[in-house]
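Thanks for coming. I will show one structure today and go through it piece by piece.

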2 protein chains.
Amino acid sequence: MFQLDFKSGVPICDQIVNGFIKLKALGVLKGGDQLPSVRALASKFSVNPNTVQKSYAILENSGIIYSVKGKGSFMSDDETAANAVLESARLEFMAAVRHANDLGLDVDEMINLIKQNSTTKEDGDK
Amino acid sequence: MFQLDFKSGVPICDQIVNGFIKLKALGVLKGGDQLPSVRALASKFSVNPNTVQKSYAILENSGIIYSVKGKGSFMSDDETAANAVLESARLEFMAAVRHANDLGLDVDEMINLIKQNSTTKEDGDK
DNA sequence: TCGCTGTACCAATCATAATAGTACAGTTAT
DNA sequence: ATAACTGTACTATTATGATTGGTACAGCGA
């Protein structure tokens with residue numbers, strides 16, 4: 001399970017949404033897997049159930065999970081949703097590239113930074 | 001001069017800060033160039049002078065500009081400040097890379113996206 | 001029926017951005 | 001000296017969004 005960073009400034013509900021998207025991308029959660037209940041996750045993270053519910057609503061509207069009253073919330077196995085996530089990730093990434101470019105970072109250095117990051121991961125991460 | 005996007009959700013003062021950093025990175029403004037006065041820029045953008053003043057204070061604390069009471073605000077020609085901006089841009093960019101990775105975007109695709117973007121810019125942008 | 005699940009409200013709280021207004025200090029030119 | 005500009009410093013207020021707290025309803029399963 002993922003962690004929350006309460007002092008990061010990133011809204012809690014966004015962190016929860018991204019947390020489950022990440023677990024899906026990593027293969028930790030697969031289609032059909034059940035998510036914690038709204039109340040259970042709220043208790044675990046010591047946040048308000050409404051906040052978790054909001055996150056689940058966002059995830060369901062995106063097609064990433066589906067919820068059944070009385071049963072629970074489950075990871076969707078719809079590939080369309082995963083593709084939508086990828087597409088939004090592309091758009092978000094391109095915005096970051098443009099912003100970095102505005103701040104004076106050129107394309108070659110960005111590529112170098114990415115490559116460095118991936119190699120350091122291979123070497124000594126966890 | 002840059003534009004403000006009031007419906008983007010990005011705080012006005014941040015947009016102003018980034019706007020001047022961009023103008024510096026692009027070489028439009030160089031060390032010693034005078035910035036518009038707080039009141040003039042506020043009037044031009046139809047925002048509150050306090051908002052502009054906040055932006056200028058951020059820029060001055062970062063060493064990107066320097067202000068003299070009664071005279072005005074000017075672009076700094078201190079390379080240290082520019083380097084600090086570049087370094088923060090690197091950190092910010094790496095955070096975006098990690099986030100995109102969390103969402104399932106792999107390193108190769110990010111590099112391809114950057115290269116595509118730079119080539120399309122050469123082709124048909126302004 | 002009981003206990004769990006998701007869902008839907010609404011009001012209150014908290015933090016931050018932005019506004020509005022005023023005042024003070026330094027520079028420049030007349 | 002005066003006027004008109006510059007940056008700077010406050011305080012108070014408004015607006016917005018995230019979060020919380022609480023309650024209520026609806027569906028599922030033992």
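I will begin with how the model is to be read, then take the fold of chain A, the core, the two DNA strands and a few serines.

This is a predicted model, in which local features need pLDDT of at least 70 and side-chain atom pairs count only at pLDDT 80 or more, while totals for chains, interfaces and linings use all residues. Residues are numbered from 1 along each chain as its sequence is written, chains are lettered from A and ligands numbered from 1 in the order in which they are written, and side-chain values use heavy atoms, with hydrogens and water left out.

First, chain A. The chain has five helices and two strands, where helices (H or I, at least four residues) and strands (E, at least two) are DSSP runs numbered from the N terminus. Along the sequence the pattern reads α-α-α-β-β-α-α. Its C-alpha atoms fill a box of roughly 55 × 35 × 30 Å along the principal axes. Of the 126 residues in chain A, 34% are buried. Buried means under 20% relative accessible area, exposed means over 50%, and partly exposed is in between, with a 1.4 Å probe and protein chains only. As for contacts (heavy atoms within 4.5 Å), take those in chain A with a separation of 6 or more: residues 24 or more positions apart account for 45% of them.

Now the two strands of chain A. How do β1(A) and β2(A) pair? They run in the antiparallel sense, over four bridges; strands count as paired if DSSP finds at least two bridges between them. S67(A) has S73(A) in β2(A) as its bridge partner. Three residues lie between the strands of this hairpin, and G70(A) there takes a positive phi near 85°. Strand β2 of chain A is covered on both faces: G72(A) and F74(A) are buried on one side, S73(A) and M75(A) on the other.

Next, the core. In soluble globular proteins, nonpolar side chains tend to be buried together. A nonpolar core here is a set of buried Ala, Val, Leu, Ile, Met, Phe, Trp, Tyr and Cys residues joined through side-chain atoms within 4.5 Å. The largest one has 66 residues, and those touching the most other members are F20(A), F93(A), I114(A), I16(B), F20(B) and F93(B). Leaving out residues up to four places away in sequence, F20(A) touches residues including F2(A), L35(A), Y56(A) and M75(A).

On to the DNA. I call a residue near a strand if one of its heavy atoms lies within 4 Å of it. Which residues are closest to DNA strand D? They are I12(A), N48(A), N50(A), T51(A) and G70(A), out of 26 that surround the strand. Sugar and phosphate make up 65% of the atoms of DNA strand D that come within 4 Å of the protein. A polar contact is a pair of N or O atoms within 3.5 Å; within protein, one must be able to donate a hydrogen and the other to accept it, and residues adjacent in sequence count only if both atoms are side-chain atoms. A backbone N or O atom of N48(A) is 3.1 Å from a phosphate oxygen of DNA strand D, and a polar backbone atom of V38(B) is 2.9 Å from a phosphate oxygen of that strand. With R39(B), a side-chain N or O atom lies 3.0 Å from a base nitrogen of DNA strand D.

DNA strand C is also surrounded by 26 residues, the closest being G70(A), P11(B), I12(B), N50(B) and T51(B). Here sugar and phosphate account for 64% of the strand's atoms within 4 Å of the protein. S37(A) puts a polar side-chain atom 3.2 Å from a phosphate oxygen of DNA strand C. N50(B) has a polar side-chain atom 2.8 Å from a base nitrogen of DNA strand C, and a backbone N or O atom of G70(B) lies 3.5 Å from a base nitrogen of DNA strand C.

Last, the serines. S46(A) sits in the loop between α2 and α3 of chain A. Its phi is near 55°, a positive value in a residue other than glycine. Is S46(A) buried or exposed? S46(A) counts as exposed, because its relative accessibility is 64%. S76(B), in the loop between β2 and α4 of chain B, counts as buried because its relative accessibility is 9%. Its side chain reaches the backbone oxygen of G63(B) at 3.4 Å.
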